[in-house]
Amino acid sequence: MGVTTQTGAVILAQQSIAPPPIHYSAIAPVLIVLGAACLAVLVEAFVPRRLRWSVQVGLSLCTLVAAGAWLVVYARGEPMGLTTLADTLAIDTPTLFLWGTLLVLGLASILLIADRSVEPGGAFVAESSAAPSPSPRAASGGSTGGTATSIAPAPTPAPARATASVAEMRTEVFPLGLFSLGGMMVFCAANDLLTMFIALEALSLPLYVMCGLARRRRLLSQEAAVKYFLLGAFASAFFLYGLALLYGYAGSVELSAIADATAGSLRSDTLLFAGLGLLVVGLLFKGSVGPFHMWTPDVYHGAPTAVTGFMAACTKVAAFGAILRVLHVAFEASSWEWHWVLWTVAVVSMVIGAVLGLTQSDIKRMVAYSSIAHAGFLLIGAITLTDEGLSATLFYLLAYGVTTIAVFGVISLVRTSEGEATHLSAWSGLAKRSPLIAWVFTFLLLALAGIPLTSGFMGKFVVFSAALTAGMAPLVVIALVASAVAAFFYLRVIVLMHFNEPAPDGPTVSVPGAFTTAAITLGVVVTLLLGVLPTPVLDWASVGGFVS
Amino acid sequence: MLDPYIPLVLMFALALGFAVFSVAIAPLVGPRRYNKAKFDAYECGIEPSPQPTVGGGRMPVAYYLTAMLFILFDIEMVFLYPYAVSADSLGMFGVAAVVLFIATFGFADLYVWYRGGFEWN
């Protein structure tokens, strides 16, 4: 017995293991983004400090354009959809659509992050970060003054303030953003739960760091980063525990194997539903769906505005890409048992977002609650489990993401001498000072509210009609009421901007530089185009379903 | 039937024996020169309690940097060891993959090195 096992082991060791076939042309966009992220780390190490910003911005923009160009060429060949890398990644129509969406949103985010005209030197932590930040707390000689390292012998506040106003931003945010984007692309293409978990971490960890990099209001920003990290780690643990239970149920982490297992009836349903529940909690957390939204307002408020835009748009796209794939591929057969739970979650999310959004006095927190309400609408599309609902949700993700990034672009422009003026009272009478910005913001808010001729209307229309076809009429009625309530707080801002008198010591509106202008223009144009001519994009989104 | 487990049992016995032997022999033959550090937990590092009063209970950030770098190198070993065991059967694909892995890891090393992460004092 012992002899045979030994020879068996020897034979096994000598057998060459065949590497899995890899379709490089299909996964090239991910490889380009992650490869460029590695390159960007080397740029941080070797390129002299004064050139770093230009090199990093050039590299990031070229990367996203190159990956997008490759994606377009690949998608034009009308691929059938395939799984590669030993079935860990599925490159099908939803994947390609989500990748395209992520690359467009990533491009707009990088443009916002790169901007140095609105905030001199850029909105991120300055190179001389050992000096205390020019915040009132540090200047008053509180405990924050102790952050100065022993190398710099107690710098006085005045010179620190002078250098901080011109110091260049740290450029680590670019490789971090690229790594995060690469993680998101893998996340929504992952065909087994383990790959999905690795991608979840790859997208989350850089985001936690990016949240804490604000140049101004550093304590708020760092608090946001710590909060996001702790709650994110908690959600990852939920995801992982759900994964373990599902492995116990199905004997495999592959989505298709779990789907096969749910078709049989000889297994423990407890494992299946406990696993699904925990897994979905982890995913809903990332998509900031209520009641798993607790982190959203604080993190959106504290993070640098460009990063908030990146988080609000790209993370939501990636999270809902994964939710769609998990529900459609692995849990469609068992949907009769669980769909009531997600009905409830969608209702809770819409109600929380719409009602709590009414009470907000800070514009970033208001947009955060709006994103929670939108997450509820997206979840309705995701739980229809029809092809129509799938393409509608994909369209909604693109429309919502582009509008949101432009909204945060505009928010970064309205400032006082102490930074962004995010309190709503500061926005009063904005149209009298800078009509163009006020009208752009009005248009974007109308899109978020879902008024016709904007992408928001088309997105809601296709999602709700798909839900009606799938027999979810009660949910659609609740969604319509929630949209109406949410429309009130968008309209309140519009009224505030156009019909109120400006405060005498109100904020100034910075003249945006080329980068921010480009990002906002991109957002407005796409929002308008998707509202007027949605058909080509809807057609592209409905070419095919998931492959597993 | 139980043949494959005998080496395991031997291994366990050896490990247990070594541990007991080390603990038992140390007080008998070891030199007894006491100083302050001898009374610290693990005889080194920062005392977890009471909290250091300097800087409001803060720890030097260098400890975390060192710990993170240690974990990174440790995890690199965790992946390289199983590769080394089955390097033959993985062929050129395995070599390419592991070179790519080390290169990616090296980028991070170079970054830390050139930005002064390895300069302890």
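Which residues in H19(A) are buried? I will start there, keeping in mind that what we have on the screen is a predicted model. In H19(A), the buried residues are Ser455(A), Gly456(A), Met458(A), Gly459(A), Lys460(A), Val462(A), Val463(A), Phe464(A), Ala466(A) and Ala467(A). As for what surrounds them, these buried residues pack against H15, H16, H18, H20, H21 and H22 of chain A, and I will come back to H15(A) and H20(A) in a moment.

Before that, a word on the geometry of H19(A) itself, which covers residues 455-469. With 15 residues at 1.5 Å a residue, the helix should span 21 Å, and because its end C-alpha atoms are indeed 21 Å apart, the expected and modelled spans agree. After the helix comes Gly471(A), which has a positive phi, near 75°.

Now to H15(A) and H20(A), which, as I said, are among the helices that the buried residues of H19(A) pack against. The axes of H15(A) and H20(A) come within 11 Å and cross at roughly 165°; since angles over 145 degrees count as roughly antiparallel, these two helices are therefore roughly antiparallel to each other. Their crossing is left-handed. On the side of H15(A), the contact is made by Met366(A), Ser370(A), Ala373(A), Gly376(A), Phe377(A) and Ile380(A), and on the side of H20(A) by Leu475(A), Ala479(A), Ala482(A), Ala486(A) and Phe489(A). By class, that contact holds 9 nonpolar and 2 polar residues, with no charged ones. In reading such lists it helps to recall that an α-helix has 3.6 residues a turn, so residues three or four places apart point the same way.

Let me move to H7(A), residues 173-187, and take its two partners in turn, beginning with H8(A), residues 193-211. The axes of H7(A) and H8(A) come within 8 Å and cross at roughly 155°, which makes H7(A) roughly antiparallel to H8(A). H7(A) passes H8(A) in a left-handed crossing. The contact includes Val173(A), Leu176(A), Phe179(A) and Met184(A) from H7(A), facing a set in H8(A) that includes Met196(A), Leu200(A), Leu203(A) and Pro206(A). Taken as a whole, the residues of this contact divide into 15 nonpolar and 5 polar, and none is charged.

The second partner is H13(A), residues 305-330, whose axis comes within 8 Å of that of H7(A), the two crossing at roughly 25°. H7(A) and H13(A) are therefore roughly parallel to each other, and their crossing is left-handed. Here Gly177(A), Leu181(A), Met184(A) and Phe187(A) in H7(A) meet Phe310(A), Cys314(A), Ala318(A), Gly321(A) and Ala322(A) in H13(A). That contact has 7 nonpolar residues, 2 polar and no charged.

For a residue elsewhere in chain A, I picked Ala28(A), which lies in H2(A), residues 24-46. Is Ala28(A) buried or exposed? Ala28(A) is partly exposed, because 17 other C-beta atoms lie within 10 Å, whereas a buried residue would need 20 or more. Ala28(A) and Glu420(A) are separated by 392 residues in sequence and by 39 Å in space, C-alpha to C-alpha.

Finally, chain B, which contains 3 helices and 0 strands, so that its elements, taken from the N terminus on, run α-α-α. Of the 121 residues of chain B, 1% count as buried.

Methods
Residues numbered from 1 in each chain as written. Chains lettered and ligands numbered in written order. Predicted model: local features only at pLDDT ≥ 70, side-chain atom pairs only at ≥ 80, totals over all residues. Helix = DSSP H or I, 4+ residues; strand = E, 2+ residues; numbered from the N terminus. Expected span 1.5 Å × (residues − 1). Buried ≥ 20, exposed ≤ 12 C-beta atoms within 10 Å, placed from the backbone. Contact = placed C-beta atoms within 7 Å. Axes fitted to C-alpha atoms, helices over the stretch in contact; angles between N-to-C directions. Parallel < 35°, antiparallel > 145°, perpendicular 65-115°, else oblique. Left-handed = near helix turned anticlockwise from the far one by under 90°. Nonpolar A, V, L, I, M, F, W, Y, C, P; charged D, E, K, R; others polar.
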